[in-house]
Each structure stands twice: as C-alpha cells, then as structure tokens.
Amino acid sequence: MINFAAIDFETANKEYTSICSVGIVIVREGQMVDSFYSLVKPTPNYYPWFYTRVHGIKKEDTMNAPLFPEVWKLASEKIEGLPLVAHNKSFDENVLKTTFKHYRMRYPNYPFFCTLEASKKLLPSPDVIENHRLPTVAKYCGYDLSNHHNALADAEACAAIAIKLL
C-alpha cells in the first residue's frame with residue numbers, strides 16, 4: 001500500500017462520540033505529503049482526569065473548538081479516495097462510525113487497515129519485538145514517537161509503520 005491516510009482520534013471520555021482531537025497524515029507514493037490536525041468539541045463534553053492525563057486535552061481547550069461535522073468536512077477533502085490506516089483500527093473505526101451515526105451523517109464505508117494487526121503478524125513478540133504498542137512498533141520501523149497520544153503524532157507514527165509493514 002503506497003497511498004493511504006493514517007488517522008488517529010483522541011477521546012474526552014469513554015463515549016466513542018467524544019472525539020476531542022483528530023490527526024491525519026496523507027501518504028502518496030510511500031511518502032508523507034500532507035497532514036491535518038484539529039481539536040474537536042466533544043459530545044458529551046466532559047473529561048475524566050484519566051483521559052486528560054493521557055492526552056493532555058482539557059475541557060477548556062475544546063470549549064470553542066468546532067463540532068465534528070465541521071472538522072470532518074475539512075478532513076474528508078484530504079482523505080477522499082484513500083483507504084484509512086490506524087494502529088488498533090477497531091477503536092478508531094468504531095469512534096468514526098459511532099460519531100457519524102450520532103450526527104446523523106452518512107458513513108462512506110471507508111476501507112480501514114490496521115498496523116497493530118500487521119505488526120502482530122509480521123513482528124511476532126517476543127522473538128522480534130517486545131510488544132505491539134504504537135511507540136514500540138514505531139521505533140522498530142524507524143520513527144521516534146516522542147509525543148504519544150497527540151493525535152497527529154500518533155497518525156505520523158502509524159503512517160511510518162504502514163509504509164514499512166503494509
């Protein structure tokens with residue numbers, strides 16, 4: 001796969017509709033050529049301490065952020081015609097589908113691929129790699145993920161993994 005969009009969502013709480021940030025990296029001909037990042041006003045808009053501790057985003061950060069439909073209008077232009085790739089696609093794909101349903105938006109059935117699944121198949125642990133967490137696999141693939149749980153940094157790491165493994 002040489003053309004795709006790597007995507008990552010951070011959520012404000014346990015609800016899949018609570019997207020608070022999205023990061024996207026566009027890969028064409030095996031090269032990262034474009035990116036997109038936005039904060040999103042989540043629904044529902046509350047942040048348990050654990051979630052803020054993980055990604056650093058607080059309610060104050062997203063109070064004036066656009067809602068998901070506004071953000072996705074911009075994001076969808078960048079990913080048009082591209083398959084999506086995520087590390088642990090079950091989370092990101094479910095977040096996206098659930099949020100589309102919440103806003104009564106028509107879901108375009110994006111093809112989704114998973115770098116987590118690929119790493120488990122191609123890099124068995126502990127023989128090749130100690131675990132399949134995003135930072136570990138990214139490092140193995142030559143990407144230093146120093147800002148884990150920033151949606152854009154995670155999307156960049158996912159893109160680097162996909163370029164190597166998919």
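# Notebook: strands, helices and salt bridges

I began with one residue pair: Phe9 stands opposite Val22 in strand S2. The model I am reading is a predicted one.

**Entry 1, strand S1.** I looked up the strand that holds Phe9 and found that S1 covers residues 4-11. I noted that 8 of its 8 residues are buried, so S1 is largely enclosed by the rest of the structure. Which residues of S1 point which way? Phe4, Ala6, Asp8 and Glu10 point one way, while Ala5, Ile7, Phe9 and Thr11 point the other way. I recalled that side chains in a regular strand alternate between the two faces of the sheet. In S1, the residues pointing either way are all buried.

**Entry 2, partners of S1.** I then asked how S1 pairs with S2, parallel or antiparallel. S1 and S2 (residues 19-28) pair in the antiparallel sense, over 8 bridges. I also checked S4, which pairs with S1 in the parallel sense over 2 bridges. Here I wrote down Ala5, whose bridge partner in S4 is Leu84.

**Entry 3, the S2 and S3 hairpin.** I followed S2 onward to S3, and found the two paired in the antiparallel sense over 8 bridges. Arg28 stands opposite Gln31 in S3. The two strands form a hairpin with 2 residues between them. I looked at Glu29 in this turn and read a phi near 55°, a positive value in a residue other than glycine. Glu29 is exposed, with a relative accessible area of 58%.

**Entry 4, another positive phi.** I noted Arg104, which has a positive phi of about 55° although it is not a glycine. Arg104 is placed in the loop between helix H4 (89-102) and S5. At 79% relative accessibility, Arg104 counts as exposed.

**Entry 5, a cis peptide bond.** I looked up the bond from Thr43 to Pro44 and found it cis, with omega near -5°. Pro44 lies in the loop between strand S3 (31-39) and helix H1 (49-55).

**Entry 6, Phe68.** From Thr43 I went to Phe68, which is 25 residues away along the chain. The C-alpha atoms of the two are separated by 8.9 Å. Phe68 lies in helix H3 (residues 68-79). Is Phe68 buried or exposed? I found it buried, with a relative accessible area of 2%. Leaving aside neighbours within four places in sequence, I listed the contacts of Phe68 as Ile19, Val40, Leu96, Thr99, Phe100, Tyr103 and Met105.

**Entry 7, salt bridges.** How many salt bridges are there? I noted a count of 3. In one of them the side chains of Lys78 and Asp34 meet, at 2.8 Å from N to O. Lys78 lies in helix H3 and Asp34 in strand S3, so this pair ties together parts that are 44 residues apart in sequence. Lys78 is partly exposed, with a relative accessible area of 28%; Asp34 is partly exposed as well, at 33%.

I then turned to helix H4, where Glu93 forms a salt bridge with Lys89, the closest N and O atoms being 3.5 Å apart. Being 4 residues apart in H4, Glu93 and Lys89 are separated by about one helical turn. Glu93 also meets Lys97 in a salt bridge, at 3.6 Å from N to O. Lys97 and Glu93 are 4 residues apart in H4, again about one turn of the helix. I recorded Lys89, Glu93 and Lys97 as linked in a network of salt bridges. Glu93 counts as buried at 13% relative accessibility, and Lys97 as partly exposed at 36%.

**Entry 8, helix H5.** In H5 (residues 115-122), I found Thr115, Leu116, Ala118 and Ser119 buried. They cover an arc of only 160° around the axis, which puts them on the same side of H5. What do the buried residues of H5 pack against? I listed strand S4 (84-86), strand S5 (112-114), helix H6 (134-140) and helix H7 (151-165). I took Ser119 as an example and found it buried, with a relative accessible area of 0%. Apart from neighbours within four places in sequence, Ser119 is in contact with His87, Pro124, His132, Val137 and Leu165.

**Entry 9, a surface patch.** Last, I looked up a nonpolar surface patch of about 230 Å², made by Met1, Phe113 and Leu166. Leu166 lies in the segment after H7. At 32% relative accessibility, Leu166 counts as partly exposed.

Technical notes:
Residues numbered from 1 in each chain as written. Predicted model: local features only at pLDDT ≥ 70, side-chain atom pairs only at ≥ 80, totals over all residues. Heavy atoms only, no water. Buried < 20%, exposed > 50% of the residue type's maximum accessible area, 1.4 Å probe, protein only. Arc of directions from axis to C-beta. Contact = heavy atoms within 4.5 Å. Pairing = 2+ DSSP bridges. Patch = residues over 30% accessible without salt bridge, like charges linked within 9 Å, V, L, I, M, F, W, Y side chains within 5 Å. Areas by Shrake-Rupley, 256 points an atom, 1.4 Å probe, with all protein chains shown as cover. Salt bridge = Lys/Arg side-chain N within 4 Å of Asp/Glu carboxyl O.
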